[in-house]
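Hi everyone, thanks for coming. I'd like to walk you through a structure today, one piece at a time. Have a look at it first.

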Amino acid sequence: MRFPEFTEEWESVLLEDVAEFQKKRISSDLLNNSNYISTENILQNFGGVQNSISIPANTNVIEYQRGDVLLSNIRPYLKKVWLSDRHGGCSADVFVLRGNQCERRFLYYVIASDRFINFVMSGAKGVKMPRGDKSQMEKFTFFIPTNVEQKKIAMFLSMLDERIRLQNKIIEKLETLIKGIRNNIISKIKGDCITLQDIADIYQPQTIASTDLTEDGYLVYGANGIIGKYRSFNHEKEQICITCRGNTCGTVNFTEPKSWITGNAMVINTDNYAKNVNKRYLFHYLSSINFNSIISGSGQPQIVRQPLAKLKLILPVLIIQNRIAECLDAMFAKMKNEQSFLQILQIQKSCLLSQMFI
């Protein structure tokens, strides 16, 4: 797939024919923290870079320039790729690639393609922490058009990336707005003071191993929200569940109907209390709570049933619960629409890359 005004054949090249890995080392004394890059602060899935990190003391770093492509050379983080917008230095776990016969932004999109990432993963070396092999990368074969067409392709994909970044900002601001409104509403609620066990059955379901997950089937909810699919379900109705193990301990999710909830989440089942409790109201209420006071364990944070069951909350009459749930659900529907649109943009980009860099 290409722009209609171009008809010239694309040329087959090796990566080493059009770009080279940089090896020049500079002293960390010449840098400030914002110009130091490591695997830690390159965002996954080509999301750019995050806040600066401290430069390790007494260490030399590899120099990069504006327009260089930086990529993590550690296998679990191979989708950490950044087109640099500044001059600086990076750690040894980051490769610096500079185009010499290839438009810099076009080169970035070649490196960001699934075909390149899969190629690097196939040759990664090491057991505990496999690393990309520079020699193998240099032999990566792909096709390039003329410089004029390269620039037009790169400009088009850059515009799509900018729209994705804007969509992420829209979602972030909407999340902040919803959180603020929800907390404000919940803080002003008046009603009966009860404990969670008064209005819900609280339990941990059966856990299934990650090896039991399937490509198709019913959604599975675990410590990180949706973690995959399974051939069966253990809850026919939608449920509130709270992550009860790991770093995401205290995260509240609302499951889809016919889902499997694992033992890494605590189910807050109000089905037997439907006459007095709006499930969506309780979901919003629990989402506004900080569970730190009932999280135990240091190496492996966890929430156990007893303190969660005794958690105190305010329950207004059902008609008020319904109104609050309806109001907050409308905002969540808006959020879901924005997230769905972001997914469409990301799929569109992935499809374009797969058709351009076959």
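I'll go through some strands, then some helices, and then a few single residues.

One thing before we start: this is a predicted model.

Okay, strands. Find β13, β14 and β17. These three make an open sheet, in the order β14-β13-β17, and the pairing is mixed. So which strands stand at the edges? They're β14, residues 225-230, and β17, residues 260-261. Each has a single partner strand, so one side of each is left without a neighbour in the sheet. Now zoom in on β13, which covers residues 218-222 and runs antiparallel to β14, with five bridges joining the two. If you want one pair to click on, take G222, whose bridge partner in β14 is G225.

Just before β17, there's a residue I like. K258 sits in the loop between β16 (252-254) and β17. Its phi is near 55°, which is a positive value in a residue other than glycine. Is K258 buried, exposed or partly exposed? With 39% relative accessibility, K258 counts as partly exposed.

Next pair of strands: β11 and β19. β11 is residues 192-195, and four bridges join it to β19, with the two running antiparallel. Here I194 has L313 as its bridge partner in β19. Now follow the side chains along β19, because they alternate. L313 and L315 point to one face and are buried. K312 and I314 point to the other face and are not buried.

Keep going past β19 and you reach V317, in the loop between β19 (312-315) and α8 (318-356). V317 is exposed, at 53% relative accessible area. Together with I319 and I320, V317 makes a nonpolar surface patch of about 250 Å².

Right, helices. Let's take α2, residues 104-111. How many of its eight residues are buried? Six of them, so α2 is mostly covered. The buried ones are F106, L107, Y108, Y109, V110 and I111. Look at the N-terminal end of α2 as well: E103 caps it, with a side-chain oxygen 2.8 Å from the backbone nitrogen of R105.

Another glutamate to look at is E149, in helix α5, residues 147-187. Buried or exposed, what do you think of E149? It's buried, with a relative accessible area of 0%. Setting aside neighbours within four places in sequence, E149 is in contact with R2, F6 and W10.

Now two asparagines. N278 is in the loop between β18 (265-269) and α6. N278 has a relative accessible area of 17%, and the cut-off for buried is under 20%, so N278 counts as buried. What does its side chain reach? A polar atom of the N278 side chain lies 2.9 Å from the backbone nitrogen of R280. The N278 side chain also reaches the backbone nitrogen of Y281, at 3.1 Å. Leaving out neighbours within four places in sequence, N278 is in contact with L318, Q321, N322 and A325.

The other asparagine is N292, in the loop between α6 (279-287) and α7 (305-309). N292 is exposed, at 54% relative accessible area. How far apart are N292 and G250, in sequence and in space? They're 42 residues apart in sequence, and 7.7 Å apart in space, going C-alpha to C-alpha.

That's my tour, thanks for listening.

Conventions. Residues numbered from 1 in each chain as written. Predicted model: local features only at pLDDT ≥ 70, side-chain atom pairs only at ≥ 80, totals over all residues. Heavy atoms only, no water. Pairing = 2+ DSSP bridges. Buried < 20%, exposed > 50% of the residue type's maximum accessible area, 1.4 Å probe, protein only. Contact = heavy atoms within 4.5 Å. Patch = residues over 30% accessible without salt bridge, like charges linked within 9 Å, V, L, I, M, F, W, Y side chains within 5 Å. Areas by Shrake-Rupley, 256 points an atom, 1.4 Å probe, with all protein chains shown as cover. Salt bridge = Lys/Arg side-chain N within 4 Å of Asp/Glu carboxyl O. Polar contact = N/O pair within 3.5 Å; in protein donor to acceptor, adjacent residues only side chain to side chain.
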